[in-house]
Amino acid sequence: MMFYCIINDSKGLMKMKTNVLRLLDYQHIYYETKEYDYDENDLSGKHIMEQVDLKPEEIYKTLVLHSGNDYLVCCIPVMEEIDLKKLAKASGHKSVEMIRQKDLLPLTGYIRGGCSPIGMKKKFPTYFQEDILLLDKVAVSAGKRGIQVILNPKNLIAYVNGQCVDVIRKE
């Protein structure tokens, strides 16, 4: 279950703070947020990219996969596709596949379009496309549709104890 707390911003407006942001605050990890209008019928990375002032390679989507009863998380740029064979090899599995959408909330505490590698119900092995190390900042979901958290990639990787590997499909 996702929890939110209400905070006041500098203008006295009431805003919601997600569990992701509270966890980062607790660890004293600097971040910024970008809000955007989400469309229930278009949860694509392209839709987010068009609304936030970031390059496509700076916005990462969070994918949850499994190999039998082993679950893992993979974060890749929003406009890229995952190469399941590369991820399987990097994670030491014969094969991996995406979990069913209906299993996402019970497993992670997040819904599609609001899934973050930070603050899942349980810690899972987490893999990042290795190009993330070339960036000064990266955006991932803040745990709710309509808000991205932007932080230093090395801080993100360290927080989730992630590994950087090549997992995107190359044409």
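**Close-up views of a predicted model**

**View 1. Ile76, a buried residue of strand E5.** Ile76 has a relative accessible area of 0% in this predicted model and is therefore classed as buried. The residue belongs to strand E5. Beyond four places in sequence, its contacts include Ile59, Tyr60, Lys61 and Leu63, together with Glu81 and Ile82. Gln129, Val167 and Ile168 are also touched by Ile76. Between Ile76 and Tyr127 the C-alpha to C-alpha distance is 8.6 Å, although 51 residues separate the two in sequence.

**View 2. The largest nonpolar core, with Leu24 and Val149.** This core comprises 29 residues, and Leu24 and Val149 have the most contacts inside it. At least two core residues come from each of helix H1 (19–26), helix H4 (101–108) and helix H5 (153–159). Strand E4 (60–67), strand E5 (70–77), strand E8 (138–141) and strand E9 (147–151) likewise each supply at least two. In soluble globular proteins, nonpolar side chains tend to be buried together.

**View 3. The surroundings of Val149.** With neighbours within four places in sequence set aside, Val149 is in contact with Val20, Leu21 and Leu24, as well as with Tyr31 and Glu32. Further contacts of Val149 are made with Val138, Ala139, Val140, Ser141 and Ala142. A second core, separate from the largest one, has 13 residues, among them Leu72, Tyr127, Val165 and Ile168.

**View 4. The buried and exposed sides of helix H3.** Helix H3 spans residues 84–91, and its buried residues are Leu87, Ala88 and Ser91. These three lie on the same side of H3, because they cover an arc of only 100° around the axis. Lys85 and Lys89, on the other side of H3, are exposed. The cover over the buried residues of H3 includes E4, E5 and strand E7 (126–129).

**View 5. The two ends of helix H3.** At the start of H3, the backbone nitrogen of Lys85 has a side-chain oxygen of Asp83 within 3.1 Å. Gly92 follows H3 and has a positive phi, near 80°.

**View 6. Model confidence along the chain and over residues 1–14.** The chain has a mean pLDDT of 87, with 82% of its residues reaching 70 or more. Over residues 1–14, pLDDT stays under 50. For this segment the model has 29 contacts beyond four places in sequence.

Technical notes:
Residues numbered from 1 in each chain as written. Heavy atoms only, no water. pLDDT = per-residue confidence, 0-100. Contact = heavy atoms within 4.5 Å. Core = buried A, V, L, I, M, F, W, Y, C linked by side-chain atoms within 4.5 Å. Buried < 20%, exposed > 50% of the residue type's maximum accessible area, 1.4 Å probe, protein only. Helix = DSSP H or I, 4+ residues; strand = E, 2+ residues; numbered from the N terminus. Arc of directions from axis to C-beta. Polar contact = N/O pair within 3.5 Å; in protein donor to acceptor, adjacent residues only side chain to side chain.
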